[in-house]
Every structure is written in C-alpha cells, then in structure tokens.
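Here are my notebook entries from an afternoon of looking things up in one structure. Keep the 3D view open and follow along with me.

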Amino acid sequence: MASNAITTRVKSQSSGLPRKRFYRARAHSNPLSDSHFPIPISPAEFDYSHHYPHFFQSSREHHKNENAPFPRVKFADVGCGFGGLLVGLSPLFPDTLMLGMELRDKVTEYVKERILALRASNPGQFENISVVRTNSMKYLPNYFEKAQLSKMFFLFPDPHFKEKNHRRRVISLQLLDEYAYALEVGGIIYTVTDVEELGDWMRSCLEDHPLFEPVPVEELETDPVVKLLTSATEEGQKVARNGGQTFRAVYRRIKIKE
C-alpha cells in the first residue's frame, strides 16, 4: 500500500508522467569520481531486449530465418538530463534506436519512468528510446562498437569553469578520439551551450581534431534535429526563457586525410 501511494505521488495525476520534483539532483556530477553501477563488459553484452523489448522482439521475429543482425543503437545523447531530446527525436526517427547516457542516478530513474509512462499512454510509440546510468567519459567503448553511431549529442554540458577542472569537460581532443571511434564516417556530433567560453572550447577541439569537419550552415538549416538542440531540453528552455544566447558547434566524422 505504501509503495502504491508513493508511486501515485511521484506521477502526475493528469498524464501519468513522473514529476521532476521527486527526482531532483545536483545540476552536475564529477565524471572523474568513482561510481558503482553495472557496466557491460563489451558492446556485445549490452542487453537490447531489456531496453527495447518491443523493437527487439519484432526484429527477432522478422529475422528469425535470416542472418541479418539485430538493430543497434545509432543515436547517443551523452548527459541526457531529463530526456527531453530523446522524447523529441523519437517520433522523428521511429525506426532508429537511441540511448541516453546519464551519470546522476535520480535523473536516470526519472527518464526511465518518463519513457515507460509515454509508452503506456502512447501504444506503439517511444519504443526506440531508452536510458542507462553510466559515465560516458570512462565507459563509452563498453556500449558502442566501432562506427556504430550516426549521431552523438552533447547538449549544455557542465562548463567546469575552473582551469584545473577543464580535464572534466566532456569534449576534449582525447575524448574526441573515442567519439570518432564510435561514429561512422559521415556521422555527426552536435554540441550546444549557453557558456560562450565553453562553446569556443568545444569548437576549437573539434576544429583541431583531424577526424572532424564542420557541417555547412546550409545543411544545418535543413536538418530537423538542429531546432531541437535548444528547444527540447530543460536547460535549453530555461536559457530561452531568460533570453540567453546559445553557442552551437556541429561537426561531421570524416576519414583521415592523406
């Protein structure tokens, strides 16, 4: 009985969606600290059936007499926060599996409950999104094989203002090596922030890396994802309400130039 009462309180009576105020956590976490949560030993050990049961089972039925591989995650939202981008992307790419990666446990739990509630109230929809609690700065290769991803998102990451903490930033030349490994050639990495210095930092790192080149402005104008970068997330909406600026850098994974 007590458990049911708690469930009722944490979910909105009108929509069945979880209420954020019951899942509040610190705005950011230290990505260099030790955290304890299950991590797949390799991408092959990642349990797709747990995260995408509907998609996984239908794929198995379709391919039961074929050697075709099961669908794999193609979009990764690193530091997904409360899952706004995942929810916005899901109907735009209904056949694409997407994974949010979040370090904070309460926020991860909120996103899980949000996705389950959306699936329950919209049968057949939002089956292609899920979330894991993990530290992408340490364990990204445990989830994704080489050239698996077609899009990666880094929206409003922790700026880590102090120079001594710049090594905690989620975009760096060293980490871009790992992101380049996970992205297919032609894959796109999207970054946005409301901190100009961090925006310059992320753009500079991407510009200096030999495996990335900027996506032309005219191409961004026709990309349906770009509008969601600042409108879908809680942080982006907060910046818009306050009349703040955002600084975007969108780059494409390329082959090594000879």
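**Entry 1: The empty space**

I began with the largest cavity, which holds about 30 Å³ of space. A reminder to myself that the model is predicted. How many cavities of 30 Å³ or more are there? My count came to 1. Rolling a probe the size of a water molecule over the atoms shows where empty space is left.

Next I looked up who lines the largest cavity, and I found Tyr48, Phe55, Phe56, Phe70, Pro71 and Leu97. I then sorted this lining by class and got 6 nonpolar residues, with no polar and no charged ones.

**Entry 2: The whole chain**

I stepped back to see the chain as a whole. It has 11 helices and 7 strands. Of its 258 residues, 48% are buried. I noted about 14,000 Å² of exposed surface, with carbon and sulfur atoms supplying 50% of it.

I also looked at contacts with a separation of 6 or more, and 78% of them join residues 24 or more positions apart.

**Entry 3: Aromatic pairs**

I searched the whole structure for aromatic pairs and found 10. A pair of aromatic rings is described by the distance of the centres and the angle of the planes.

Why is the pair of Phe37 and Tyr139 edge-to-face? I read off centres 6.3 Å apart and planes at 90 degrees, and planes over 60 degrees apart count as edge-to-face, so the label fits. Phe37 sits in the loop between α1 (2-10) and α2 (48-51), while Tyr139 belongs to helix α6 (residues 136-143), so this pair ties together parts 102 residues apart in sequence. Phe37 is buried because its relative accessible area is 13%, under the 20% limit. Tyr139, at 24%, is partly exposed.

Then I turned to Phe153 and Tyr190. Their ring centres lie 4.9 Å apart and their planes meet at 15 degrees, so I wrote down "stacked". This pair also links distant parts of the chain, with Phe153 in strand β4 and Tyr190 in strand β5 (residues 183-193), 37 residues apart. Are these two residues buried or exposed? I found both Phe153 and Tyr190 buried.

One more find for this page: Phe46, Tyr48, Tyr52, Tyr143 and Phe144 form one aromatic cluster. I had already met Tyr48 in the lining of the largest cavity.

**Entry 4: Ser150**

I stayed with strand β4 (residues 149-155), where Ser150 is found. Ser150 has a relative accessible area of 14%, so I marked it as buried. Which residues does Ser150 touch, leaving out those up to four places away in sequence? I listed Lys74, Phe75, Leu183, Glu184, Gly187 and Ile188. Among these, Leu183, Glu184, Gly187 and Ile188 fall within strand β5 (residues 183-193), where I had just placed Tyr190.

**Entry 5: Thr108**

My last stop was Thr108, in helix α5 (residues 105-121). Thr108 is buried, with a relative accessible area of 2%. Leaving out residues up to four places away in sequence, I saw Thr108 touch Glu102, Val131, Val132 and Arg133.

How far is the C-alpha atom of Thr108 from that of Cys80? I got 8.7 Å, for two residues 28 apart along the chain.

Key:
Residues are numbered from 1 along each chain as its sequence is written. This is a predicted model: local features need pLDDT of at least 70, side-chain atom pairs count only at pLDDT 80 or more; totals for chains, interfaces and linings use all residues. Side-chain values use heavy atoms; hydrogens and water are left out. Helices (H or I, at least four residues) and strands (E, at least two) are DSSP runs, numbered from the N terminus. Buried means under 20% relative accessible area, exposed over 50%, partly exposed in between (1.4 Å probe, protein chains only). Contact means heavy atoms within 4.5 Å. On a 1 Å grid over the protein atoms alone, a cavity is a set of points where a 1.4 Å probe fits but cannot get out, and a pocket is an open set with protein on both sides within 12 Å along at least five of seven lines; lining residues have an atom within 4 Å of a point. Grid points are joined across faces, edges and corners, and a volume is the space filled by probe spheres set on the points. Ala, Val, Leu, Ile, Met, Phe, Trp, Tyr, Cys and Pro count as nonpolar, Asp, Glu, Lys and Arg as charged, and the others, Gly among them, as polar. Accessible areas come from the Shrake-Rupley method with a 1.4 Å probe; for residues, only the protein chains shown count as cover. Rings of Phe, Tyr and Trp (its six-membered ring) pair if their centres lie within 6.5 Å; planes under 30 degrees apart count as stacked, over 60 as edge-to-face and the rest as tilted.
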